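Here are some exercises to work through with the model open beside you. Try each task before reading its solution.

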Amino acid sequence: MKAITTTTISCKSPRVTIIGAGKVGSTLTQRIAEKDLADVVLLDLVEGLPQGIALDLSEAQGVELHSSKIIGTNDYADTVGSDIVVITAGLARKPGMSRDDLLYINAKIVVEAAQKALTYSPNAMFIVITNPLDVMTYLVWKAVGLPHTQVVGMAGVLDSSRLQAFIAMELGVSIANVNALVLGGHGDLMLPLLRYCTVSGVPITEIMSKSDIDRLVERTRHGGAEIVKLLKTGGAFYAPASSACVMIESMIRNQSRILPAAAYLKGEYGLHDIFIGVPCRLGCHGVEKVLEVDLTEEETESLHASAASVRQNIDLAFAHLKM
Ligand code: TXD
């Protein structure tokens, strides 16, 4: 009889902490769990909220048949040993409020949250979702003091996915045939790269009129506000949660997907010491590479204008926080 050899495998599941159990945080928890990506610790300052969501999602497990553990808590000690920390805590936009109105309130919230989470997960990767996104991502990086590759902001996937959806709706084609790429800051100065937006590989600039494209770009730029206006209470959360989830999946499963995200630049695109939306390769080490695509002079100008507005808000936030 042959001897049976035994192997030891790690029984530890990846662990994702989500700070902020609001619309985005709770929907993201559901997505991660139902895709069996990781155990999730959902944390909020409101007592009972994360616990209630975690219990409800756990009670769906018998039907969904995933094996992710979901913990709801108000205590950072429960986040210990997280591989990824996602920060969604903060205020969402109310109708008529710009993303930048949220600057001071959310700056304080994200810095505190990041520092507390870091105490229990000193080598985690941080994904920032709270608005104004590019500024908050920079603040989190400064607050945690980790290598910049371990901090990234989610917005480009969402903005690109919105444009992708609008192109597919307009042309009446499957979304699977449409690719879209939006760079720059997550705000009114975002930069859709139309030459890189394609339908079955054909640039939309060759199959759509300029006025139609401009209309879809405008809709993308104001995609968040359009939803705020419809919902009246709070902002978008399904597409934001899906967008964050695809980033988490690429990192946890080391898929090396190229996704647009707010990454730290040190000279790429002629920009220094700033987080802004650019195409990145996301893998188990975080932002493993920033890809530099060719930009026209006009596009470079737009990207720099977007970066200048992010920089201005970083300076305001720093002065406010006395960091
Ligand atoms: O593309 C993007 N990056 C975005 C960003 C897309 C959608 C939403 N975007 C921003 O994410 C939005 O402007 C907000 O700044 C955040 C979270 O949006 P969400 O819609 O989830 O907001 P909610 O439902 O108001 O939830 C916020 C939660 C709420 O439960 C608060 O109690 C909690 O954050 N909160 C905190 N938790 C922990 N610690 C602190 N200090 C704290 N403060 C608030």
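**Exercise 1: two packed helices**

The crossing of helix 4 and helix 5 is right-handed, meaning that the near helix is turned clockwise from the far one by less than a right angle. This is a predicted model, where local features need pLDDT of at least 70, side-chain atom pairs count only at pLDDT 80 or more, and totals for chains, interfaces and linings use all residues. Residues are numbered from 1 along each chain as its sequence is written, and side-chain values use heavy atoms, leaving out hydrogens and water.

Task: find at what angle the axes of helix 4 and helix 5 cross, and which residues meet.

Solution. Start with the axes, lines fitted to C-alpha atoms over the stretch in contact, with angles from 0 to 180 degrees between N-to-C directions. They come within 9 Å and cross at roughly 35°. Next, list contacts (heavy atoms within 4.5 Å): Leu103, Val110 and Leu118 are among the helix 4 residues, and they face a helix 5 set including Met136 and Leu139. By class, this contact has 12 nonpolar, two polar and no charged residues.

**Exercise 2: helix 11**

Task: work out which elements the buried residues of helix 11 pack against.

Solution. First collect the buried residues (under 20% relative accessible area, 1.4 Å probe, protein chains only); Leu303, Val310 and Phe318 are among them. These buried residues pack against helix 4, helix 5, strand 9 and strand 13. Finally, look just past the end of helix 11, where lysine 322 takes a positive phi of about 55°.

How values were computed. Buried < 20%, exposed > 50% of the residue type's maximum accessible area, 1.4 Å probe, protein only. Contact = heavy atoms within 4.5 Å. Nonpolar A, V, L, I, M, F, W, Y, C, P; charged D, E, K, R; others polar.
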